[in-house]
Amino acid sequence: QVQLVESGGGLVQPGGSLRLSCAASGNIFSINGMGWYRQAPGKQRELVATITRGGSTNYADSVKGRFTISRDNATNTVYLQMNSLKPEDTAVYYCNADRVVSRTKFNYWGQGTQVTVSS
């Protein structure tokens, strides 16, 4: 089992910045990739950014150049630095982690943190 707890969400004006954090606990040594997803009311959950254990990153086109995902293996924490925020970034942001045990893939999710971009 892996437990993920997000923090850092809140209300910010357009053009502002926020940094989200996700602390992992449990079977942390088995974690491979980690990432951030988001879901707005009435919309499907979508990928925002991912990062592998080795540090390789991938971003959705809508956030490229504005968001940066990073990972601190010493503290078992993944971050999402969000700059130049837009109203369309408003959503609940979820942390994700995956691991493979005995040829079986597992995915884990945090409880989510609300990000609201509004004047």
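Here is a short chat about how the labels on this predicted model are earned.

User: What makes this an eleven-strand protein with zero helices?

Analyst: Strands are DSSP E runs of at least two residues, and helices are H or I runs of at least four. Eleven strands and zero helices turn up here, and the pattern along the sequence reads β-β-β-β-β-β-β-β-β-β-β.

User: Why is the protein called as compact as a globular protein of that length?

Analyst: The globule rule is 2.2 Å times the number of residues to the power 0.38, and the radius of gyration is taken over C-alpha atoms. For 119 residues the rule gives 14 Å and the radius of gyration is 14 Å, so the label fits.

User: How many residues count as buried?

Analyst: It's 41% of the 119 residues, where buried means under 20% relative accessible area (1.4 Å probe, protein chains only).

User: What makes the largest nonpolar core a core, and which residues touch the most other members?

Analyst: A nonpolar core is a set of buried Ala, Val, Leu, Ile, Met, Phe, Trp, Tyr and Cys residues joined through side-chain atoms within 4.5 Å. The largest one has 30 residues, and Leu4, Met34, Trp36, Leu80, Met82 and Tyr93 touch the most other members. Elements giving it two or more residues include strand 4 (31–39) and strand 9 (91–101).

User: Which residues does Tyr93 touch?

Analyst: Contact means heavy atoms within 4.5 Å. Leaving out residues up to four places away in sequence, Tyr93 touches, among others, Trp36, Leu80 and Met82.

User: What are the ground rules?

Analyst: Residues are numbered from 1 along each chain as its sequence is written, and side-chain values use heavy atoms, with hydrogens and water left out. Local features need pLDDT of at least 70 and side-chain atom pairs count only at pLDDT 80 or more, while totals for chains, interfaces and linings use all residues.

Technical notes:
Buried < 20%, exposed > 50% of the residue type's maximum accessible area, 1.4 Å probe, protein only.
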